[in-house]
Amino acid sequence: MRERFVVRTEPFGYTLFDRIKLRHKFLKKEELNDDLTFNGIKVMNFEKLDGEVSNLPNHLLYAPIRVYYELTRRCNLRCKFCFNNSGNSLPNEMKLDDIKSTLRGLRKDNVFDIRFSGGEPTMHPNWYEIINYAKELGFSVSMNTNGNFTEPDTIKKIASLDLEQVAVSIDGSEELHDSIRGKGTFEKAVKTLELLYAKGVHLRINTVLTKDTINDLKEILDLAEKYTEEINFFYMRTAGRALNMLNQIISIDELKEFDRKIESLKPNYPHINIMHGSEVMLMNSVNKEIKQKFGLKMGGPDGFTRFNILPDGSIWPGGYTPHLKKEFLLGNIKDENFTVLNLWRNSPKLNKFRQISLSLQKKCFACPDKGTSCPGAAIEMEFYREINQKHKNPYCLY
């Protein structure tokens with residue numbers, strides 16, 4: 001049986017990772033002791049990932065904590081706000097051998113966590129073999145899915161993988177969900193939740209916030225309470241097919257009202273972790289307090305704690321970046337001999353990206369609405385604003 005906790009050596013000390021909660025925290029060297037606790041659990045034993053850190057810069061992590069692996073662009077749905085225009089496979093998607101080499105390389109890089117996405121990952125012809133291989137290598141493994149499967153044994157296969165988390169997309173009531181993702185998709189997604197829940201799979205619901213979605217809040221929470229451990233509400237990004245739905249972007253005032261309402265409803269759903277207000281983004285960023293304690297460069301999660309790999313093997317600082325700022329293509333995993341460490345530590349493009357993120361964080365910290373009306377910056381929305389000066393970042397007050 002694998003240990004729940006994993007510790008990775010860093011230039012400043014350690015990163016402690018909780019496989020069950022998919023959370024991390026940073027430690028000074030002296031904090032790795034007999035009194036160590038995380039998420040309220042005493043850390044008695046852990047797996048250790050060691051690497052040579054003596055010549056590494058102190059302001060960066062040894063490697064990404066998580067890699068988002070877009071397994072295929074192929075998808076059985078055509079969701080109206082899909083940011084990467086999923087539908088057909090890309091012409092140059094990697095072959096199975098290269099995918100396995102990538103996973104072996106990421107494991108040697110001491111990456112903790114792989115989240116498979118798409119497209120719809122189960123549309124890849126070798127999806128089960130690939131995800132099972134990632135588990136065998138020792139990663140924490142999760143996946144995003146639309147819950148609409150074309151093969152009858154997909155539920156059984158997913159359950160057998162013993163994944164740390166399966167995130168199913170639900171965007172509101174049946175009528176609203178089907179209007180976005182296609183007729184009958186809500187019923188199939190809910191059935192998937194029901195069947196996976198019965199098999200003991202750790203489930204989360206992902207919900208994209210739109211002007212219509214915020215009116216279906218109770219229905220979504222009732223569904224989440226019935227089947228899942230967690231739900232994440234996040235706002236729509238302005239890329240891909242979502243550019244045809246700009247009238248559905250919620251305003252900063254609507255976002256503020258949504259956050260107020262959901263906080264008031266949380267006591268009614270004590271058994272699920274309800275995340276909103278860019279909580280996932282914030283907890284995976286390198287904030288001011290972390291910078292002060294550990295000396296790490298400050299910035300959002302993209303390029304600071306996380307990386308993205310697309311189906312063709314291209315490496316990007318974040319998942320939205322390829323669709324908004326193509327100049328930040330960092331390289332290809334095949335050309336890097338199936339490791340991300342050189343790009344993570346030495347890429348001039350990534351250093352430029354990080355500097356933009358740092359500047360944005362500083363701007364946000366100077367804003368009087370940070371932490372009250374606004375959760376903070378998302379770099380991809382600033383790229384959207386930059387592309388066309390007529391655009392504004394709808395989630396920013398300024």
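**Exercise 1. Work out why helix α12 of this predicted model counts as largely enclosed.**

Step 1. Start with where to look: α12 covers residues 379–387.

Step 2. Go through the helix and pick out the buried residues. You should end up with Ile379, Glu380, Met381, Glu382, Phe383, Tyr384 and Arg385.

Step 3. Put that against the length of the helix. Since 7 of the 9 residues are buried, α12 is largely enclosed by the rest of the structure.

Step 4. Now find what does the covering. The buried residues of α12 pack against β12 (230–235) and against α11 (348–365).

**Exercise 2. Describe how strand β1 is covered, and find the strands that pair with β1.**

Step 1. Strand β1 spans residues 5–10, and 6 of its 6 residues are buried.

Step 2. Split the strand into its two sides. Phe5, Val7 and Thr9 sit on one side, with Val6, Arg8 and Glu10 on the other, and both faces are covered.

Step 3. Take β2 (residues 13–18) as a partner. It pairs with β1 in the antiparallel sense, over 6 bridges. To see this for yourself, look at Val7, which stands opposite Leu16 in β2.

Step 4. Check the link between these two strands: a hairpin of 2 residues takes you from β1 to β2.

Step 5. Then turn to β6 (residues 47–49). This strand runs parallel to β1, and 3 bridges join them. Here Arg8 has Leu49 as its bridge partner.

**Exercise 3. Do the same for strand β8: how many of its residues are buried, and which strand is joined to β8 by 5 bridges?**

Step 1. β8 takes in residues 113–117, and the count of buried residues is 5 of 5.

Step 2. Sort them by side. Asp113, Arg115 and Ser117 share one face, Ile114 and Phe116 share the other, and both faces are covered.

Step 3. The strand joined to β8 is β7 (residues 66–70), and the two run parallel. One place to spot the pairing is Arg66, whose bridge partner in β8 is Asp113.

**Exercise 4. Decide whether Asn284 and Ser169 are buried or exposed, and list what each one touches.**

Step 1. Asn284 lies in the loop between α8 (279–283) and α9 (288–294). Its relative accessible area is 4%. Buried means under 20%, so Asn284 is buried.

Step 2. Follow the side chain of Asn284: it reaches the backbone oxygen of Val280 at 2.8 Å. Skipping neighbours within four places in sequence, Asn284 is in contact with His24, Pro301, Thr305 and Arg306.

Step 3. Ser169 belongs to strand β10 (residues 165–169). Its relative accessibility is 15%, so Ser169 counts as buried too.

Step 4. Leave out the neighbours within four places again, and the contacts of Ser169 are Thr145, Asn146, His177, Arg181, Ala189 and Asn206.

**Exercise 5. Find the residues that line the largest pocket and say which classes they fall into.**

Step 1. Get a feel for the space: the volume of the largest pocket is about 280 Å³.

Step 2. Walk along the chain and collect the lining. Met1, Arg2, Glu3 and Arg4 are among the lining residues, and so are Arg19 and Ile20. Further on you'll pick up Lys135, then Asp162, Leu163 and Glu164, and also His202.

Step 3. Sort the lining by class. You should get 3 nonpolar, 1 polar and 7 charged residues.

Note on methods
Residues numbered from 1 in each chain as written. Predicted model: local features only at pLDDT ≥ 70, side-chain atom pairs only at ≥ 80, totals over all residues. Heavy atoms only, no water. 1 Å grid on protein atoms, 1.4 Å probe; cavity = no way out; pocket = protein on both sides within 12 Å on 5 of 7 lines; lining within 4 Å. Points joined across faces, edges and corners; volume = space filled by probe spheres on them. Nonpolar A, V, L, I, M, F, W, Y, C, P; charged D, E, K, R; others polar. Helix = DSSP H or I, 4+ residues; strand = E, 2+ residues; numbered from the N terminus. Buried < 20%, exposed > 50% of the residue type's maximum accessible area, 1.4 Å probe, protein only. Contact = heavy atoms within 4.5 Å. Pairing = 2+ DSSP bridges. Polar contact = N/O pair within 3.5 Å; in protein donor to acceptor, adjacent residues only side chain to side chain.
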